[in-house]
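Here's a walk through a few corners of this protein, from a pair of helices to two sheets and some cysteines. Have the viewer open as you read.

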Amino acid sequence: MIALNSETLSTLPPSVERFSYDRASLKTGIVHLSVGNFHRAHQCWYVDRLLAEPGQEGWGFCGVGLIDDATERLKLEAFPAQDNLYTLTRYAPDGTARHQVIGSMLDYLFAPADPQAVLARMADPATRIVSLTITEGGYNQDHATGAYKLATPLTQRELANPASPESAFGFIVGALRMRRDAGIAPFTVMSCDNLRDNGVVAKRCVISHANALDPELGAWIETHVSFPSSMVDRITPAVLKEDAERVNAECGVIDRLPVISEEFAQWVIEDKFVNGRPALETVGAQMVPDVHPYELAKVRMLNASHSMLAYPGQLSGLETVRDAIINPQIGHLVESFMTCDVIPHLSAPAGMPLPDYRDLIIARFSNPDVGDRLARITGDGASKLPVFLAPSWNKLVATGGELRRMAFVLACFIRYLHGQTDQGEAFTPFEPALSESQHALARSWDSVFGMTVFESFALEPIHRSLIREMAESMEQRGTAAVLGEVLAETGFTS
């Protein structure tokens with residue numbers, strides 16, 4: 001096996017695809033905040049293909065790690081050792097695997113160690129776009145109002161010492177202030193997170209942070225900076241040690257940070273950029289005037305269905321998305337949820353019939369080789385559920401629709417917070433957006449619906465009673481028994 005770096009590229013096995021461009025001739029045009037697996041499998045993959053196009057050499061990525069943890073410190077060590085190269089393995093539903101070296105990330109900076117270097121790179125005139133994949137929880141929003149939470153300790157630290165930012169929005173505001181003061185044109189801020197109107201949300205966060213620091217700066221950003229919305233889609237699982245060892249063995253490359261994804265990818269981008277943009281439409285991205293219909297379909301169908309299967313799946317002792325979707329009960333729940341609870345209340349985007357999209361989602365979830373783990377999907381549910389499920393729940397409440405399918409999954413979420421499967425196996429719920437006081441609310445039925453995660457849901461007393469009844473019944477009889485009753489009561493036939 002061959003260790004991956006620039007010098008070994010020409011010696012890699014023929015089955016490993018390599019880029020055709022001269023990497024030494026590239027320049028950084030995009031700074032990306034938070035270099036997770038999804039960013040490397042999605043945006044970096046699109047740009048890797050783009051960089052081979054004439055005139056697109058100035059759109060390489062500089063990745064930025066924001067969080068000081070073991071995973072990010074591993075990247076700080078591994079990326080330079082591999083010259084910021086890594087492998088992406090894409091699995092098609094028929095089991096075919098394609099291995100590819102991605103070269104579009106030209107540099108990697110670790111913000112906790114040197115925030116000034118990150119600010120300098122973002123303030124450089126060559127940087128024309130700052131993109132984000134900071135997860136739903138990274139936007140520091142009040143779940144009920146959507147307002148940017150200025151009172152959080154991190155934000156207060158940044159406002160008191162703006163020269164040493166810690167968050168994505170502290171860095172963006174700091175760099176835009178430097179550019180304004182130096183007379184440098186601003187960059188575009190492009191969110192690539194699973195949020196409805198993610199450009200609108202990013203704009204609200206940036207301007208709120210800027211106004212708290214300097215209202216004149218906030219007004220300048222409002223006038224001169226654009227925040228295009230985007231819709232991104234590619235299933236990208238976490239890569240555990242055994243996964244890395246498997247794909248390295250498959251392709252004959254020693255990569256300390258390989259990425260795995262499905263073959264399918266979609267990127268729909270609002271065409272609204274203030275300082276130039278890459279010609280991503282030449283490599284399959286869709287540049288459109290309005291992203292909203294696409295993101296609505298994706299968030300309410302694919303992302304919501306992920307949650308609909310993940311909580312009952314994990315409670316039932318299942319491990320992967322495929323395990324859950326091929327379970328007859330859970331698969332039936334997901335199909336009926338999309339067919340009955342979502343599709344009737346959505347307008348189909350152009351060229352995207354919703355029943356066909358539903359079937360595609362189920363087929364993608366069934367991919368035997370992606371191995372996406374339910375624990376990744378259930379994690380950070382306090383941030384995800386208000387975005388993925390609350391709009392459909394509220395629509396059904398307003399129209400008198402069937403609520404038992406979603407009530408069942410909300411009951412599963414409450415049980416998930418207790419950290420135990422039906423088989424009695426303990427697990428640790430990953431809920432970074434929940435404080436200890438919020439966790440405490442989940443321990444009692446007298447307080448659980450006071451959690452911030454439920455503020456976005458129109459919950460009447462009858463709904464709370466239904467969710468409680470389901471959760472208590474699951475405690476006594478198991479998830480499968482209650483799900484079977486839900487399916488029988490709702491009467492869906494595919």
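Let's start with two helices. The axes of α6 (residues 168-182) and α8 (residues 215-224) come within 11 Å and cross at roughly 85°. Axes here are lines fitted to C-alpha atoms, for helices over the stretch in contact, with angles running from 0 to 180 degrees between N-to-C directions. That crossing makes α6 roughly perpendicular to α8, a label for angles of 65 to 115 degrees (under 35 is roughly parallel, over 145 roughly antiparallel, the rest oblique). On the α6 side, V173, L176, R177 and R180 meet E216, L217, W220 and I221 of α8, where contact means heavy atoms within 4.5 Å. The residues of this contact split into 5 nonpolar, no polar and 3 charged. In that count, Ala, Val, Leu, Ile, Met, Phe, Trp, Tyr, Cys and Pro are nonpolar, Asp, Glu, Lys and Arg are charged, and the others, Gly among them, are polar.

A word on the ground rules: this is a predicted model, so local features need pLDDT of at least 70 and side-chain atom pairs count only at pLDDT 80 or more, while totals for chains, interfaces and linings use all residues. Residues are numbered from 1 along each chain as its sequence is written, and side-chain values use heavy atoms, leaving out hydrogens and water. Helices (H or I, at least four residues) and strands (E, at least two) are DSSP runs, numbered from the N terminus.

Now the sheets. One is an open sheet of 5 strands in the order β7-β4-β3-β8-β9, with parallel pairing; two strands pair if DSSP finds at least two bridges between them. β7 (105-110) and β9 stand at the edges with a single partner strand each, so one side of each has no neighbour in the sheet. The twist averages 25° from one strand to the next. Helix α3 (residues 70-81) packs on this sheet, touching β4 and β7, and its direction makes about 135° with that of β7.

The other is an open sheet of 3 strands, ordered β10-β13-β14, with mixed pairing. Here β10 (230-233) and β14 (286-288) are the edge strands, and the twist averages 15° from one strand to the next.

Some of the strand pairs:

| Pair | Bridges | Direction |
|---|---|---|
| β3 (residues 28-33) and β8 | 4 bridges | parallel |
| β8 and β9 (residues 188-191) | 4 bridges | parallel |
| β3 and β4 (residues 60-65) | 5 bridges | parallel |
| β10 and β13 (residues 266-270) | 4 bridges | antiparallel |

To find your place in β8, look for S131, the bridge partner of H32, and for I129, which stands opposite T188 in β9. I129 and S131 point one way from β8, V130 and L132 point the other way, and all are buried (under 20% relative accessible area with a 1.4 Å probe, protein chains only; exposed is over 50%, partly exposed in between).

Just ahead of that strand, T127 sits in the loop between α4 (115-123) and β8 (129-132). T127 counts as buried because its relative accessibility is 1%. Beyond its neighbours within four places in sequence, T127 is in contact with G29, V31, R121, M122, R179, F187 and N275.

Finally, how many disulfides does a search of the whole structure find? The count is 0, a disulfide being a pair of cysteine sulfur atoms within 2.5 Å. For C251, the nearest cysteine sulfur is that of C44, 18 Å away. C251 counts as buried, at 2% relative accessibility. For C412, the nearest cysteine sulfur belongs to C340, 18 Å away, and C412 is buried with a relative accessible area of 0%.
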